[in-house]
Amino acid sequence: MRFSFGDREIEVEPGQSIGAALIAAGYRSWRTTRGEGAPRGVFCGIGVCFDCLVVVNGRPNQRACLTDARPGDRIEPQEGAGRAGLAC
Amino acid sequence: MPASPADLAVLGAGPAGLAAAAAASRAGANVVVIDGNSRVGGQYWRHRDGDTGRGHHHWSVLTGLRAAVPEFLGGHQVWHVERIGDGFAVHTSGGEVRCRALIVATGAYDRQLPFPGWTLPGVFTAGGAQALLKGHGVTAGRRIVVAGTGPFLLPVAAGLADAGAHVVGVFEAGSPRGFVRHPGALLANPGKLGEGAGYLRTLMRHRIPYRTRTTVAAAHGTESVSSATVATLDADWRVLRRREVECDAIAVGYGFTPQLEIPLQLGCATRLDADGSLVARADDQQRATVPGVYLAGEVCGVGGAPLSLVEGELAGLHAAWTTIGAAPDNARVGRLLRRRRANRAFAAALHDAHPVRPGWLTWLDGQTQLCRCEEVTVDRVRESIVDLGATDTRAVKLLARPGMGLCQGRVCGYATSCFVADACGRQPTEQDLLGVAARPIAQPVTLGELARD
């Protein structure tokens, strides 16, 4: 089972979250902060901290640690508030 | 939405919630259990599909409770609970659930103390590293430093080592020798001691050093963590010596913070517990101070799974009594109250042996972020106190914005309260913690979901 992350294909086991699969694939961060553009990834791992936000099939602000990966998902890193394309 | 309200809605499917639901359901009540996770078990029994319980404690208890819970709404994030008539409306990401009485068993998450570099990717909460492993079969890194305070660091390190990660060391900021001051609490809970000894044996087998009065006081790296400053500490946690160790992950935690959004939304009274956490008040029947609301597990004081199971069972029995009139057996309630007392004494001994000492404030520099979400630095918080005259956490929050970001102060609330109190020359109070704990909306919810609700 696979999903795409940018231009890479990521292997994922059933029931694994997007965040866990990205960490297993060697990634540490996939989001930059709104203020300083600093890199962030999973911190709390249980949906509390919102550090691991990611864009899932075009929807920004999804918690990678809580969102189960589904085959064929298109996952993209999130910059800032994740609304760059909406000019708001 | 069910046509008629359930007798009971249980929020949280960890040990406390499952024990409550099982007890109430067996007493004849119509019970629905709601959890944000798609699987039952909470953080304690976090598992994967097909998990056979290897590496889990008391797995047979989970399977027994799961069989006794008829209706489980998994993947339902509760964002608000309101009183409607004699009952409650529970608003979740999956729709509204009506109930006559409510059992709140929402558990706790890792308590954090900030340090320079703690926002670098590769720094995880201890529970986060544990969740990745137990819930997803992924180790947080290859060379991992485990640090903080409390007995939870031991299973985290042991699990990571058994899964093949190189655990560089377990660095316990406290000095758990204080534990021997509580012989009664220890002798009444032999099971917990055996569990701890088992983890220590695992650490020895993997040749993992366990050091007390030691912690991670800084993390270093550019895009992610490449090393940690491991500091030896004095009794107040001021740094005595520093050394740098290479690592690609740090798992850190300083106890737990109970998840109190729902009790606070409903107006339940709180108190400051022995570990410095804000907890909701519960009586001998696990009743909150608000009619119809019962509490079980970490929300009324961090105490671990065995205590949560006892409190859950008590809450379930009494809630079934008030909703459907099923009187509980007196002898059973008496036994549960005795076990609650023994488990609480053990928890109090643990809190006493693992206090957070104020010297952690000296690890910070002006650019350390107290609030990760809004990227609020120590300097900006200090400015709101020294230049703008704030004297409590709530005023600091309004002036400098710590706790105003996506997590709504869950991660930084405790540390910010400690920082503000210290800067004002006093101890953190219940009011300080309340100022960053009230969240009228417990989970982010889209306007679309609001419109549907």
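These legends walk through several close-up views of a predicted model with chains A and B.

**View 1. Chain A on its own, one helix among strands.** Chain A is built from one helix and eight strands. Follow the sequence and the elements come in the order β-β-α-β-β-β-β-β-β. With a radius of gyration of 12 Å, close to the 12 Å that the globule rule gives for 88 residues, chain A is as compact as a globular protein of that length. Its C-alpha atoms fit a box of roughly 35 × 25 × 20 Å along the principal axes. Of the 88 residues, 45% count as buried. Take the contacts in chain A with a separation of 6 or more: 41% of them link residues 24 or more positions apart.

**View 2. Where chain A meets chain B.** Here 27 residues of chain A are in contact with 29 residues of chain B. Two elements of chain A give two or more residues each to its side of this meeting: helix 1 (18-24) and strand 4 (39-40). Helix 1 of chain A has the largest share, at three residues. Sort the chain A side by residue class and you get 13 nonpolar, nine polar and five charged.

**View 3. A:Phe50 and its positive phi.** This close-up sits in the loop between strand 4 and strand 5 (53-56) of chain A, which is where you'll find A:Phe50. The phi of A:Phe50 is near 65 degrees, a positive value in a residue other than glycine. Is A:Phe50 buried or exposed? A:Phe50 is buried, since 22 other C-beta atoms lie within 10 Å.

**View 4. B:Arg207, a positive phi in chain B.** Now we hop over to the loop between helix 6 (190-205) and strand 11 (210-212) of chain B, home to B:Arg207. B:Arg207 isn't a glycine, yet its phi is positive, about 55 degrees. B:Arg207 counts as exposed, with 8 C-beta neighbours inside 10 Å.

**View 5. Helix 4 and helix 6 of chain B, side by side.** Helix 4 (residues 153-162) of chain B packs on helix 6 of chain B at an angle of about 40 degrees, and their axes are 9 Å apart. That angle makes helix 4 oblique to helix 6. The crossing of these two helices is left-handed. On the helix 4 side, look for B:Leu154, B:Pro155, B:Ala157, B:Ala158, B:Ala161 and B:Asp162; on the helix 6 side, the partners are B:Gly196, B:Tyr199, B:Leu200, B:Thr202 and B:Leu203. By class, this contact has eight nonpolar, two polar and one charged residues. Here's a handy thing to keep in mind while you look: an α-helix has 3.6 residues a turn, so residues three or four places apart point the same way.

**View 6. Helix 10 of chain B against helix 12 of chain B.** Helix 10 (residues 378-386) and helix 12 (residues 413-423) of chain B pack at an angle of about 45 degrees, with 10 Å between their axes. So helix 10 is oblique to helix 12. Helix 10 passes helix 12 in a right-handed crossing. From helix 10 come B:Val381, B:Arg382 and B:Ile385, and they meet B:Thr416, B:Phe419, B:Val420 and B:Ala423 of helix 12. The residues of this contact split into five nonpolar, one polar and one charged.

**View 7. Helix 12 of chain B and what covers it.** How many of the eleven residues of helix 12 of chain B are buried? Eight are, so this helix is mostly covered. The buried ones are B:Gly413, B:Tyr414, B:Ala415, B:Thr416, B:Ser417, B:Cys418, B:Phe419 and B:Val420. They pack against strand 16 (256-258), strand 20 (369-371), helix 10, helix 11 (393-400) and helix 13 (430-434) of chain B. After helix 12 of chain B comes B:Gly425, with a positive phi near 70 degrees.

**View 8. B:Leu434 in helix 13 of chain B.** B:Leu434 lies in helix 13 of chain B. B:Leu434 is partly exposed, with 18 other C-beta atoms within 10 Å. Leaving out residues up to four places away in sequence, B:Leu434 touches B:Thr270 and B:Leu278. From B:Leu434 to B:Ala231 it is 203 residues in sequence and 32 Å in space, C-alpha to C-alpha.

How values were computed
Residues are numbered from 1 along each chain as its sequence is written. Chains are lettered from A and ligands numbered from 1 in the order in which they are written. This is a predicted model: local features need pLDDT of at least 70, side-chain atom pairs count only at pLDDT 80 or more; totals for chains, interfaces and linings use all residues. Two residues are in contact if their C-beta atoms, placed from the backbone, lie within 7 Å. Helices (H or I, at least four residues) and strands (E, at least two) are DSSP runs, numbered from the N terminus. Ala, Val, Leu, Ile, Met, Phe, Trp, Tyr, Cys and Pro count as nonpolar, Asp, Glu, Lys and Arg as charged, and the others, Gly among them, as polar. Axes are lines fitted to C-alpha atoms, for helices over the stretch in contact, and angles run from 0 to 180 degrees between N-to-C directions. Angles under 35 degrees count as roughly parallel, over 145 as roughly antiparallel, 65 to 115 as roughly perpendicular and the rest as oblique. A crossing is left-handed if the near helix is turned anticlockwise from the far one by less than a right angle, and right-handed if clockwise. The radius of gyration is taken over C-alpha atoms; the globule rule is 2.2 Å times the number of residues to the power 0.38. A residue is buried if 20 or more other C-beta atoms lie within 10 Å of its own, exposed if 12 or fewer, and partly exposed in between; C-beta atoms are placed from the backbone.
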